[in-house]
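Welcome! Here is a short guided walk through one protein chain, written for someone meeting it for the first time. Take a moment to look it over, and then read on.

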Amino acid sequence: MELPSKLLENAVNEIAQLPGIGKRTALRLALHLLRQPVEQTNQLSLALDKMRNEIQYCQSCYNISDTSICLICSNPKRDISIVCVVEDVRDVMAIEATGFFKGVYHVLGGKINPIEGIGPTQLNIKPLIEKVSKGGINEIIFALSSTMEGDTTNFYIYKQLKEFGITTSTIARGIGIGDELEYTDEVTLGRSLMHRIPFEQSIKQV
């Protein structure tokens, strides 16, 4: 579409790069910002700039954080002996929304996927193994999506952890095969965590 302003067109093109945002929606958003007070638009710009440049990843679990150690890992009320392994920071948010889980997390940053060139070394697997080797962890909960890549990643980590003799479990399959964790409703996800099963048992079921 041809726009009357090159500045507006540039803004629309940038907004349209966001997931789920087409050119028409981007145009509506850009025009909405134009109608707002300058201070409000500046606040949005400043918030995005600070988020992009100042946000950190927790040195312990790799969740996003404002500090070197996130609020979950630094919370003395959390049970650090139980670690829930997830693919993405969005999965941490999904599980936290259930209110069921009181342990801590470890964010892998993805799943093993040879087709896309993602191997174990591209993920935060080694820090997890090192964390377990230091002691103090009694259980690892695998909470990756029920996909082939998720199951492959679970099994790879399980083999790495086997020598340490800790409990490994996986969330119950109340979540449909192939479903992404972040889109699962809180009740189903919470119950899946509460009724988790030994990982060895999940291998036999596959």
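## A first tour

Let us start in a loop: Y62 sits in the one between β1 (56-57) and β2 (64-65). Please keep in mind that this is a predicted model. Y62 is not a glycine, yet its phi is positive, at about 70°. Most residues other than glycine have a negative phi. Is Y62 buried, partly exposed or exposed? Y62 counts as partly exposed because its relative accessible area is 24%, and the partly exposed range lies between 20% and 50%.

Now step back to the whole chain. It holds eight helices and seven strands. Of its 206 residues, 38% count as buried. Among contacts between residues at least 6 apart in sequence, 56% join residues at least 24 apart.

## Two helices side by side

A good place to look next is the pair formed by helix α5 (residues 125-133) and helix α6 (residues 148-161). Two packed helices are described by the angle between their axes and the distance between the axes. Here the angle is about 30° and the axes are 10 Å apart. The crossing of α5 and α6 is right-handed.

Which residues bring the two helices together? From α5 come I125, L128, I129 and V132, and they meet Y156, I157, Q160 and L161 of α6. Seven of the residues in this contact are nonpolar, one is polar and none is charged.

The residues I125, L128, I129 and V132 of α5 are also buried. They lie on the same side of α5, because they cover an arc of only 95° around the axis. An α-helix has 3.6 residues a turn, so residues three or four places apart point the same way. The buried residues of α5 pack against α6 and also against the strands β3 (79-86), β4 (103-107) and β5 (139-142).

Elsewhere in α6 you will find Y158. Y158 counts as buried because its relative accessibility is 7%, under the 20% cut-off. Between Y158 and S169 there are 9.5 Å in space, C-alpha to C-alpha, and the two are 11 residues apart in sequence.

## The strands next door

Strands β3 and β4 pair in the parallel sense, over five bridges. In this pairing, C84 stands opposite Y105 of β4. β4 is mostly covered, as five of its five residues are buried.

Strand β3 also contains S81. S81 is buried, because its relative accessible area is 13%. What does S81 touch, leaving aside its neighbours within four places in sequence? The answer is G136, I137, N138 and E139.

## Where helices end

One more helix deserves a visit. In helix α4 (residues 89-98), the buried residues are V89, D91, V92, A94, I95 and T98. Both α4 and α5 are followed by a glycine with a positive phi, as the table shows.

| Helix | Residue that follows | Phi |
|---|---|---|
| α4 | G99 | positive, near 75° |
| α5 | G135 | positive, near 90° |

To find your way back, look for α5 again: I125, L128, I129 and V132 of this helix are buried, and the buried residues of α5 pack against α6 as well as β3, β4 and β5.

Note on methods:
Residues numbered from 1 in each chain as written. Predicted model: local features only at pLDDT ≥ 70, side-chain atom pairs only at ≥ 80, totals over all residues. Heavy atoms only, no water. Axes fitted to C-alpha atoms, helices over the stretch in contact; angles between N-to-C directions. Helix = DSSP H or I, 4+ residues; strand = E, 2+ residues; numbered from the N terminus. Left-handed = near helix turned anticlockwise from the far one by under 90°. Contact = heavy atoms within 4.5 Å. Nonpolar A, V, L, I, M, F, W, Y, C, P; charged D, E, K, R; others polar. Buried < 20%, exposed > 50% of the residue type's maximum accessible area, 1.4 Å probe, protein only. Arc of directions from axis to C-beta. Pairing = 2+ DSSP bridges.
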